[in-house]
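Hi,

Here is the structure I promised to pass on. Have a look at it first, and my notes follow below.

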Amino acid sequence: MLTDKAVRAAVAKEKPYKISDGNSLSLHVSKKGRKTWRFKFRFEKKE
């Protein structure tokens, strides 16, 4: 599970990366430090 502290501590790195909360929600951090939330879901067995 992602906490507020973990999200605030996420900083830019040489390559983009993601931090997952384990329930289809992830935080993507870009090379410039931009943070975006992404939710992965399925509908009729398709992503």
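S24 sits in the loop between β1 and β2. Keep in mind that this is a predicted model. The phi angle of S24 is near 75 degrees, which is a positive value in a residue that is not glycine. Is S24 buried, exposed or partly exposed? With 40% relative accessibility, S24 counts as partly exposed.

The loop that holds S24 belongs to a hairpin: β1 and β2 have four residues between them, and in that turn G22 also has a positive phi, of about 90 degrees. The two strands pair in the antiparallel sense, over four bridges. One facing pair to look up is K18, which stands opposite H28 in β2.

Now the overall layout. The protein has one helix and three strands, and if you read along the sequence you get the pattern α-β-β-β. The three strands make an open sheet in the order β1-β2-β3, with antiparallel pairing. Which strands stand at the edges? They are β1 (17–20) and β3 (35–39); each has a single partner strand, so one side of each is left without a neighbour in the sheet. On average, neighbouring strands of this sheet are turned by 30 degrees against each other, ignoring direction. As background, strands of a sheet pair through backbone hydrogen bonds, in either a parallel or an antiparallel way.

On to the second hairpin. Strand β2 covers residues 25–29, and five bridges join it to β3, with the two running antiparallel. How many residues lie between these strands? There are five, and G33 in this hairpin takes a positive phi near 100 degrees. Going through the facing residues, V29 is opposite K35 in β3, and H28 is opposite T36 in β3. So that you can place H28 on both sides: K18 stands opposite this histidine as well.

T36 is worth a click. This residue lies in strand β3 and has a relative accessible area of 28%, so T36 is partly exposed, since that label covers values from 20% to 50%. Setting aside neighbours within four places in sequence, T36 is in contact with S26, L27 and H28. From T36 to K13 the C-alpha atoms are separated by 15 Å, with their positions 23 residues apart along the chain.

R34 is the next one, in the loop between β2 and β3. Its relative accessible area is 63%, so R34 is exposed. Once neighbours within four places in sequence are left aside, R34 is in contact with H28 and V29. How far is R34 from S24, where I began? The two are ten residues apart along the chain, and their C-alpha atoms are separated by 20 Å.

Now for the two ends of the fold. Helix α1 spans residues 4–9, and A9 has its place there. At 54% relative accessibility, A9 counts as exposed. A9 and S30 are 21 residues apart in sequence, and in space they are 14 Å apart, C-alpha to C-alpha. In the segment after β3 you will find K45. K45 has a phi near 65 degrees, again a positive value in a residue other than glycine. K45 is exposed too, with a relative accessible area of 80%.

Finally, some numbers for the protein as a whole. The C-alpha trace spans about 35 × 20 × 10 Å along its principal axes. What share of the 47 residues counts as buried? The figure is 19%. The protein exposes about 4500 Å², and 54% of that is supplied by carbon and sulfur atoms. Of the contacts with a separation of 6 or more, 10% come from residues 24 or more positions apart. As for charge, there are 14 positive and 5 negative charges, and their mean positions are 5 Å apart.

If you are opening the model for the first time, you could begin with the turn at S24, go across the sheet in the order β1-β2-β3, and finish with K45 in the segment after β3.

Cheers

How values were computed. Residues numbered from 1 in each chain as written. Predicted model: local features only at pLDDT ≥ 70, side-chain atom pairs only at ≥ 80, totals over all residues. Heavy atoms only, no water. Buried < 20%, exposed > 50% of the residue type's maximum accessible area, 1.4 Å probe, protein only. Contact = heavy atoms within 4.5 Å. Areas by Shrake-Rupley, 256 points an atom, 1.4 Å probe, with all protein chains shown as cover. Lys, Arg positive; Asp, Glu negative; His and termini not counted. Charge placed at Lys NZ, Arg CZ, Asp CG, Glu CD. Pairing = 2+ DSSP bridges. Axes fitted to C-alpha atoms, helices over the stretch in contact; angles between N-to-C directions.
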